[in-house]
Structures are given as structure tokens and as C-alpha cells.
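Biologist: I'm new to reading protein models, and I'd like a close look at just one part of this one. Could you pick a spot where aromatic rings get together and walk me through what surrounds it?

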Amino acid sequence: MTPLSSYRRLIDLAGPTYVLVAFLGRLPLAMSQLGTLLLVSTASGSYGLGGLSAGALAVANALGAPAAGSLADRIGQRPVVLVQSLLGAAGLVLLVAAVGADTGDAAVVAIAAATGLAMPQVGPLARVRWRPMTEGTGPQQRRLVDAAFSYEGAADEASFALGPALIGLAAVLVSPSGGLVLAAALLAVFGSAFALDGSARLVPRHDHAAHPGRLVSPVFVVLAAEAGQPGVAGLVHATLGVGSAVAGIATAYLPERIGHERRALVAALALAALSWPLLLVESLLGATAVVLVLGCAVAPYMIAVFSLAERVVPLPRVGAAMTTLASATGIGYALGSSVAGRLADTHGSTAAFAVTVTTTLLATVLMATQQRRLRTAVSDSQEQEPLACDRV
């Protein structure tokens with residue numbers, strides 16, 4: 001099966017409407033942080049308050065995501081995502097209203113945090129649906145799931161490029177509040193549609209007491225640490241999206257014989273090699289060119305990490321695993337943005353880019369030293385996979 005035929009098969013299995021809904025449903029999360037920053041900063045005249053509010057939303061979302069994923073594993077995605085979509089949309093509208101009414105700073109930050117806690121992780125939960133959607137495809141299933149994860153990685157990167165662009169466009173054409181209102185509308189409509197889609201019923205519910213497989217294992221800790229590394233490049237994340245999305249789609253063309261642990265190592269090496277020119281750039285144009293090329297290694301790296309988690313984590317905990325990795329990425333993004341921003345203020349852009357270079361080197365070392373452990377975990381999971389399918 002060729003990569004192109006794999007993508008066509010996935011669309012046939014899921015339906016083009018589902019693919020569109022799942023993509024649009026993840027945009028509000030990508031829009032919410034920048035939208036909150038612009039809205040609060042513009043209204044208050046304080047970038048500090050704007051950054052604090054946006055950070056509160058991001059951190060609350062990262063902390064709440066694993067709990068929401070675990071709950072979705074137990075009771076199903078439909079009720080969890082539906083409630084989160086409606087509460088998240090209401091929270092964004094309430095945040096706009098609170099800023100417009102000149103509510104106190106503490107209240108604005110608290111509302112932003114509560115909104116972040118309610119926002120659903122559509123992208124990670126969409127990944128969980130592909131295995132049950134591809135059931136019955138026989139020996140083609142593994143290749144189809146790999147292609148699906150390649151697409152999901154590209155879709156995530158595209159959303160984090162398109163989302164901020166929509167916020168900026170809405171701010172110019174309407175007002176700073178217009179972007180968050182648009183995000184709320186998208187979340188209420190497409191987040192709910194994602195929750196109610198028939199594919200949600202295909203994901204089995206699991207009683208964790210009956211299936212006591214561990215989520216937190218040494219292998220998963222490695223993957224969570226790895227997922228947090230690209231987030232430290234938060235200073236240039238939006239620009240990375242273009243090259244990363246294209247590379248993500250192209251990942252499906254890699255030969256199946258190349259294991260995901262090896263793909264992650266090669267991608268980490270590419271991140272390290274392609275990031276060091278950031279230390280030499282002296283203009284915005286030069287930085288943009290370097291970052292566009294650097295982006296080509298980001299999606300393949302994240303796709304490999306998420307794919308490894310899908311294979312090595314017990315089936316009843318896959319939803320929690322996907323949202324935990326997304327949470328690690330979000331926390332890494334927030335920490336990296338904070339550290340890089342502070343260094344940029346005190347020592348200039350080169351110091352800020354040094355954060356990116358340092359973390360890509362750390363990611364490479366971690367992945368290089370854990371190859372045997374990851375390879376063994378994947379091998380063990382392949383031996384147990386028929387039994388897992390029987391339980392489903």
C-alpha cells in the first residue's frame with residue numbers, strides 16, 4: 001500500500017466530513033493563547049497581565065489534559081469532549097466579557113485559567129480513534145495507523161500556524177476580542193461535532209481496575225520528556241508550522257522497516273543540526289529562512305514520539321497517553337517561551353535561540369541513549385497486540 005493510497009483509504013474509512021471537523025475542532029486551542037494575550041494586553045495596556053493570563057490558560061490546559069484523557073478512556077470521548085467544548089466556548093466568551101467590563105486583574109487570570117482547564121485536546125483524542133476506525137483492514141492496519149499519525153502530526157502543526165493567523169486577521173478586521181469570539185464559535189460548533197461524530201462510539205471504554213496496565217513506565221517517561229523538548233522552541237513555533245506540516249505528511253512515505261524509535265533519533269539529530277544556524281542569524285529574514293527549514297524536522301519528530309506511545313502504552317490508557325504527551329508539549333512550550341523571552345530581553349535574540357539549540361541537543365542525547373529500551377518496548381507490544389485486539 002502506497003502512502004497516497006493509505007491517505008485515500010483513511011478518508012474513505014473516516015469520511016471527509018470527519019477529517020474537516022477534527023481539524024477545525026483543534027483550531028480554538030491554537031487560537032486561545034495568542035487571542036488571550038492580545039485581548040488582555042490591548043485592554044489593560046499591560047503585556048505583563050496579558051502574558052500572565054495567556055500563561056494561566058496554557059498551564060491549566062496542560063495540567064487538565066491528562067485527567068480529561070483518562071476520563072475519556074473510562075467513560076468514552078463523547079461526553080467528555082462535548083462538555084469540554086461547550087464549557088470552553090463559554091469560558092472564552094466570558095473572558096471577553098470580563099475584559100470588556102474592566103473586571104479586576106485577578107478575576108481575568110482566574111477566568112483564563114478556568115477556560116484553559118475546559119478546552120478539549122481534539123488532536124490527541126483524534127489519534128485514539130484511528131486504531132478502532134481501521135479495525136478490519138487486516139495486515140494493512142499498522143500501515144494505515146502510521147499514515148494516520150503522520151496526518152495528525154501535520155494537522156497539529158498546520159493548526160498552530162493557521163490559528164494565530166486567524167487571531168491576527170480577526171484583530172485587524174474586527175477587534176482584539178473578535179479572535180476569541182471566533183475561537184469560541186469554532187469550538188462550540190466543531191468541537192461538539194467532533195464529540196458527536198460516530199467515530200467516538202468506536203473507541204472502547206475501559207475499566208482501569210479491570211485492565212490495570214501502567215501508563216507511567218520508564219519508556220513513557222522518556223517519551224513525555226521527548227515531547228516537551230520541541231516546545232522549548234516556543235519563540236519561533238509559529239513559523240515552524242509551514243515546513244513542519246509538509247514534512248509531517250511526507251513522513252508516511254518512510255519505509256515501514258524503519259522503526260519509530262529510529263525515526264525519532266534521526267529527527268532529533270536533524271533538529272540539532274538545523275537549529276545551530278539560529279546562533280548566526282542577524283536579521284529577521286535570516287531567522288525566518290532558518291526556522292522554515294528547521295520546521296521540516298519538527299513534525300517527523302513529534303509523529304515518531306506519539307506513534308511510539310500509541311504502541312507501548314496499554315490499550316486502555318491510550319487516551320490518557322496522547323493527552324499527557326500533548327500536555328508535556330504545552331508545558332515545554334510555556335517554559336521555553338518564558339526562558340527564551342527573558343533571555344531575549346536581557347541578552348538579545350542569540351541567547352534566546354541558544355535555548356532552542358540546547359534543548360534539541362538534550363533531546364538527541366535522550367533519544368540516543370534510550371534506543372534499546374524503546375525497541376524492546378515496541379517488540380513486546382507487538383507480541384501482545386493480538387491479545388489486546390481480542391480484549392477489544
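Modeller: What follows is a walk from the aromatic rings out to the helices around them. Keep in mind that this is a predicted model, not an experiment. For a bit of background, the protein has 392 residues, and 54% of them count as buried. Its secondary structure comes to 15 helices and zero strands, so helices are what we'll be talking about.

Now for the rings. How many aromatic pairs does a search of the whole structure find? The search turns up two. Take Tyr-18 and Trp-130: their ring centres are 6.0 Å apart and their planes sit at 80°. Anything over 60 degrees counts as edge-to-face, so that is the label for this pair. Are these two residues buried or exposed? Both Tyr-18 and Trp-130 are buried. There's a third member too, as Phe-194 joins Tyr-18 and Trp-130 in one aromatic cluster.

Where do the two partners come from? Tyr-18 belongs to helix α2, residues 16–44, and Trp-130 belongs to helix α6, residues 122–133. The pair therefore ties together parts that are 112 residues apart in sequence. That goes well with a figure for the whole protein: among contacts between residues at least 6 apart in sequence, 86% join residues at least 24 apart.

Stay with α6 for a moment, and look at two arginines. Arg-129 lies over the face of Phe-194, 3.7 Å from the ring centre, and Phe-194 is the cluster member we just met. Arg-127 has its charged end over another ring, that of Phe-306, at 4.2 Å from the centre.

Next, the helix packing. Two packed helices are described by the angle between their axes and the distance between the axes. For α6 and helix α7 (residues 141–173), the angle is about 165° and the axes are 9 Å apart. That makes the two helices roughly antiparallel, and their crossing is right-handed. Trp-130 and Arg-127 turn up again here, since both are among the α6 residues that meet α7. On the α7 side, the residues involved include Val-145, Phe-149, Glu-152 and Asp-156.

The other partner's helix has a neighbour as well. The axes of α2 and helix α3 (residues 47–75) come within 7 Å and cross at roughly 155°. Angles over 145 count as roughly antiparallel, so α2 and α3 are roughly antiparallel to each other. This crossing is right-handed too. Among the α2 residues that meet α3 are Leu-29, Thr-36, Leu-37 and Val-40, while the α3 side includes Tyr-47, Gly-51, Ala-54 and Leu-57.

To finish, here are two residues away from the rings that make a nice contrast. Gly-88 is found in helix α4, residues 77–100, and Gly-88 is buried, with a relative accessible area of 0%. Gly-88 touches Thr-115, Ala-118, Met-119 and Leu-187, leaving aside residues up to four places away in sequence. With Thr-115, the C-alpha atoms are 5.4 Å apart in space, although the two residues are 27 apart in sequence. Asp-102 sits in the loop between α4 and α5, and at 68% relative accessibility Asp-102 counts as exposed. Asp-102 also has a positive phi of about 55°, although it is not a glycine.

Terms used: Residues numbered from 1 in each chain as written. Predicted model: local features only at pLDDT ≥ 70, side-chain atom pairs only at ≥ 80, totals over all residues. Heavy atoms only, no water. Phe/Tyr/Trp six-rings, centres within 6.5 Å; stacked < 30°, edge-to-face > 60°. Helix = DSSP H or I, 4+ residues; strand = E, 2+ residues; numbered from the N terminus. Buried < 20%, exposed > 50% of the residue type's maximum accessible area, 1.4 Å probe, protein only. Lys NZ or Arg CZ within 6 Å of the ring centre and 35° of its normal. Axes fitted to C-alpha atoms, helices over the stretch in contact; angles between N-to-C directions. Parallel < 35°, antiparallel > 145°, perpendicular 65-115°, else oblique. Left-handed = near helix turned anticlockwise from the far one by under 90°. Contact = heavy atoms within 4.5 Å.
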